[in-house]
There are 2 protein chains.
Amino acid sequence: MKGRKVSEITIRRLSHYARCLRDAKSKGERTVTSGYFSRRCGISSAAVRKDLTMFGEFGKQGSGYNVIELLDQIESILGTCDPPFIIIAGAGNIGKALLESGLEGTGGHSYSAIFDIDPRLVGIKCAGLTVKSMDEIRTTVSGHENFIAIVAVSRGEGQKVVDRLIDSGCRAILSFNLEPLDIPDGVELRYIEVSTELDLLTYFMKT
Amino acid sequence: MKGRKVSEITIRRLSHYARCLRDAKSKGERTVTSGYFSRRCGISSAAVRKDLTMFGEFGKQGSGYNVIELLDQIESILGTCDPPFIIIAGAGNIGKALLESGLEGTGGHSYSAIFDIDPRLVGIKCAGLTVKSMDEIRTTVSGHENFIAIVAVSRGEGQKVVDRLIDSGCRAILSFNLEPLDIPDGVELRYIEVSTELDLLTYFMKT
């Protein structure tokens with residue numbers, strides 16, 4: 001797979017396999033079968049085997065996959081063996097909830113800093129971090145070539161924050177703000193859309 | 001499109017178009033062009049026109065689409081003109097953050113009730129709702145044929161809550177809990193996966 005662009009759907013499944021493998025590892029299991037992934041991820045064993053052979057010979061049908069070896073290889077594909085610096089822009093309800101829930105068990109990801117524009121929030125402690133002023137973004141991320149910013153600010157404030165993040169060198173954004181955001185080429189933007197998921201569930205429930 | 005199953009990706013785009021149309025409506029705009037959707041949703045005008053003609057003759061190229069008429073038709077496809085009852089299972093950080101952020105501007109969706117198993121949380125007020133005991137789920141949803149449950153409980157508690165929801169007639173679940181959940185056929189389950197989105201961003205940033 002070296003050098004080949006892998007589709008989003010495959011990367012998403014690899015992320016799910018990695019989560020299952022971390023769980024197996026924490027329980028001391030040495031090998032898992034394609035059926036293990038199949039049951040836990042809701043896809044067929046054949047699709048699991050196809051995904052995993054795409055990336056080389058990770059295991060043998062019958063004898064199963066070596067948990068540590070497969071996890072190492074998937075994390076090296078995902079790039080999470082060298083996890084990026086992750087910051088949260090916005091210390092409101094969502095930002096604080098993310099920080100308090102943490103990212104334990106997700107393969108090395110953790111939140112490194114949280115920022116807000118509201119001076120009343122700056123300085124407050126939350127899950128071991130102190131809320132910083134948005135003015136400190138640039139100095140905080142300095143030295144981190146790859147960093148991800150999570151945007152969870154008040155409605156209508158998204159673009160201003162995104163512009164500031166991009167000025168600070170950000171190339172990957174996960175937005176809880178639903179307003180459409182203008183970003184330059186080369187910046188990857190993804191949205192967490194609770195309302196769209198509710199629309200999808202509404203549609204599927206009625207059809 | 002009557003009777004025809006529409007793909008998830010199309011429903012997702014219709015949900016985005018509906019959001020844009022509500023915004024246009026709130027600003028008093030009467031018509032919008034395919035370019036309006038294209039710019040705001042990051043897809044080509046041709047793809048927008050193709051999506052919209054799939055569902056009948058909503059507009060004419062050049063003269064644009066009538067905002068109110070198109071929104072009515074999309075909401076009737078999505079089923080959000082008769083929005084389902086939405087409950088939140090779990091009054092922890094995520095549950096409270098969702099409730100406090102609300103669903104304004106999402107086309108009729110709103111949170112109707114929130115539940116927790118922790119007796120210390122039951123009775124607490126949050127964004128106008130009082131946290132109820134999980135034991136009250138069945139009586140609260142009684143009479144609501146279509147309801148959606150958002151699951152945001154402590155790690156390891158997801159399956160117990162999901163079993164209880166399904167016993168109460170739930171057929172649509174949006175889970176913030178990442179543990180794999182067993183659900184019977186006929187129940188639609190979707191996950192909000194911050195960690196998978198971070199994996200995707202990490203991968204795309206490094207390739």
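In this predicted model, the contact between the two chains draws 48 residues from chain B and 48 residues from chain A. On the side of chain B that touches chain A, the elements giving two or more residues are α1, α5, β10, β11 and α8 (194-206) of chain B. The biggest share there comes from α8(B), which puts in 13 residues. The two copies meet through the same surface, because 100% of the interface residues of chain B are interface residues in chain A as well.

How the copies sit relative to each other comes next. In general, a rotation about an axis plus a shift along it relates two copies of a chain. Here, chain B lands on chain A after a rotation of 180° with 0.0 Å of shift along the axis, and the RMSD is 0.0 Å. That is just the relation of a two-fold axis.

One piece of the contact can be followed helix by helix. Helix α8 (residues 194-206) of chain A packs against helix α1 (residues 8-26) of chain B, with the axes 9 Å apart and an angle of about 125°. That angle makes α8(A) oblique to α1(B), and the crossing of the pair is right-handed. From α8(A), the residues making this contact are Thr196(A), Asp199(A), Leu200(A) and Tyr203(A). On the α1(B) side, they are Glu8(B), Ile11(B), Arg12(B), Ser15(B) and His16(B).

Helix α1(B) also has a partner inside its own chain: its axis comes within 9 Å of that of helix α4 (residues 67-78) of chain B, and the two cross at roughly 145°. This crossing is left-handed. Residues of α1(B) that meet α4(B) include Leu14(B), Tyr17(B), Ala18(B) and Leu21(B), while those on the α4(B) side include Val67(B), Leu71(B), Ile74(B) and Leu78(B). Ile11(B) and Ser15(B) turn up in this contact and also in the one with α8(A).

Now for the sheet. Chain B has six strands in an open sheet, ordered β8-β5-β4-β9-β10-β11, with parallel pairing. At the edges stand β8 (132-133) and β11 (188-191) of chain B; each has a single partner strand, so one side of each is left without a neighbour in the sheet. Elsewhere in the sheet, strand β4 (residues 85-89) of chain B pairs with strand β5 (residues 111-116) of chain B in the parallel sense, over four bridges. Ile86(B) stands opposite Tyr111(B) in β5(B). Helix α5 (residues 93-101) of chain B packs on the sheet, where it touches β4, β5 and β9 (147-151) of chain B, and its direction makes about 160° with that of β5(B). Helix α7 (residues 158-167) of chain B lies across β4, β9 and β10 (172-175) of chain B and runs at about 170° to β9(B).

Over in chain A, Gln159(A) lies in helix α7 (residues 158-167). It counts as partly exposed because it has 16 C-beta neighbours inside 10 Å. Leaving out residues up to four places away in sequence, Gln159(A) touches Leu181(A) and Asp182(A). The C-alpha atoms of Gln159(A) and Pro180(A) are separated by 8.2 Å, though these residues are 21 apart along the chain.

Zooming out, chain A holds eight helices and 11 strands. Its C-alpha atoms fill a box of roughly 60 × 45 × 35 Å along the principal axes, and 39% of its 207 residues count as buried. Among chain A contacts between residues at least 6 apart in sequence, 53% join residues at least 24 apart.

Key
Residues are numbered from 1 along each chain as its sequence is written. Chains are lettered from A and ligands numbered from 1 in the order in which they are written. This is a predicted model: local features need pLDDT of at least 70, side-chain atom pairs count only at pLDDT 80 or more; totals for chains, interfaces and linings use all residues. Copies are superposed by least squares on the C-alpha atoms of residues with pLDDT of at least 70 in both. Two residues are in contact if their C-beta atoms, placed from the backbone, lie within 7 Å. A residue is buried if 20 or more other C-beta atoms lie within 10 Å of its own, exposed if 12 or fewer, and partly exposed in between; C-beta atoms are placed from the backbone. Two strands pair if DSSP finds at least two bridges between them. Axes are lines fitted to C-alpha atoms, for helices over the stretch in contact, and angles run from 0 to 180 degrees between N-to-C directions. Angles under 35 degrees count as roughly parallel, over 145 as roughly antiparallel, 65 to 115 as roughly perpendicular and the rest as oblique. A crossing is left-handed if the near helix is turned anticlockwise from the far one by less than a right angle, and right-handed if clockwise.
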